[in-house]
Amino acid sequence: MERTGMDSISEIHRWDTITKYIEQSEALLHKYFPKFVKKSKPVKPKIELPDGALGKELPKKNYIDYLKKRYGDWKQIELNKKGEKFNWAAFTISLSKRYKASGMNYIDVRHFDDLASYLKSRIDGTIMGKVNKSKGIKNYSVFEEFSETEI
């Protein structure tokens, strides 16, 4: 007696059982239900910062970020009058280039004092900085004060 395709099925499964098997098989999911498979984004390998990089010393990195933000925010006040926007990316790139680094986190930590002084001078040079200075108001915290408040 010749067997038909139906005769060779030893079990009959309900749809919920079939979907359970499909969900457990990555190959079946991709083959029959590609629209339901989440496309995973390639994971970039995490690059370790070199020793001596600003990004490895979080208190100093945070202080520099604080000074950058103070400068950018105060510079934006001036630019608002002209209808312009502060270009954060260009400013950050210029700082990285100034210290010959591929990014802020890669600036050599030995430049920390010079970088902080540079940012402070930029803050003091803004209109807000000049007004505050004339009134005896501090424009920023020094590193030690900032470090104490960050804890």
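A residue counts as exposed when its relative accessible area is over 50%. Keep that cut-off in mind for Lys85: its relative accessible area is 74%, so Lys85 is exposed. What you're looking at is a predicted model, and this lysine is a handy place to start.

Lys85 sits in the loop between α3 and α4, the latter covering 88-98. Set aside the neighbours within four places in sequence, and Lys85 is in contact with Gln76 and Leu79. You can also check its spacing from Lys75: the two are 10 residues apart along the chain, and their C-alpha atoms are separated by 9.2 Å.

Now follow the chain back into helix α3, residues 58-82, and look for helix α5, residues 112-124. The axes of these two helices come within 9 Å and cross at roughly 20°. Angles under 35 degrees count as roughly parallel, and α3 and α5 are therefore roughly parallel to each other. Their crossing is left-handed. On the α3 side, the contact is made by Lys60, Tyr63, Ile64, Leu67, Lys68, Arg70, Tyr71 and Trp74. From α5 come Phe112, Leu115, Ala116, Leu119, Lys120, Arg122 and Ile123. Sort the residues of this contact by type and you get 10 nonpolar, 5 charged and no polar ones.

Next, the aromatics. A pair of aromatic rings is described by the distance of the centres and the angle of the planes. Searching the whole structure turns up 10 aromatic pairs. One of them joins Tyr63 and Tyr66: the ring centres are 5.8 Å apart and the planes are at 35°, so this pair is tilted. Both tyrosines lie in helix α3, 3 residues apart, which is about one turn of the helix. Both are buried, too.

Compare that with Phe86 and Trp88, an aromatic pair that is edge-to-face, with 4.8 Å centre to centre and 80° between the planes. How buried or exposed are these two? Phe86 counts as buried because its relative accessibility is 13%, while Trp88, at 35%, counts as partly exposed.

Finally, go back to Tyr63 and Tyr66, as there's a bit more to see around them. Ring pairs link these two tyrosines with Phe112, Phe143 and Phe146 into a cluster. Two of those names should ring a bell: Tyr63 of α3 and Phe112 of α5 also turned up among the residues making the contact of the two helices.

Note on methods: Residues are numbered from 1 along each chain as its sequence is written. This is a predicted model: local features need pLDDT of at least 70, side-chain atom pairs count only at pLDDT 80 or more; totals for chains, interfaces and linings use all residues. Side-chain values use heavy atoms; hydrogens and water are left out. Axes are lines fitted to C-alpha atoms, for helices over the stretch in contact, and angles run from 0 to 180 degrees between N-to-C directions. Helices (H or I, at least four residues) and strands (E, at least two) are DSSP runs, numbered from the N terminus. Angles under 35 degrees count as roughly parallel, over 145 as roughly antiparallel, 65 to 115 as roughly perpendicular and the rest as oblique. A crossing is left-handed if the near helix is turned anticlockwise from the far one by less than a right angle, and right-handed if clockwise. Contact means heavy atoms within 4.5 Å. Ala, Val, Leu, Ile, Met, Phe, Trp, Tyr, Cys and Pro count as nonpolar, Asp, Glu, Lys and Arg as charged, and the others, Gly among them, as polar. Rings of Phe, Tyr and Trp (its six-membered ring) pair if their centres lie within 6.5 Å; planes under 30 degrees apart count as stacked, over 60 as edge-to-face and the rest as tilted. Buried means under 20% relative accessible area, exposed over 50%, partly exposed in between (1.4 Å probe, protein chains only).
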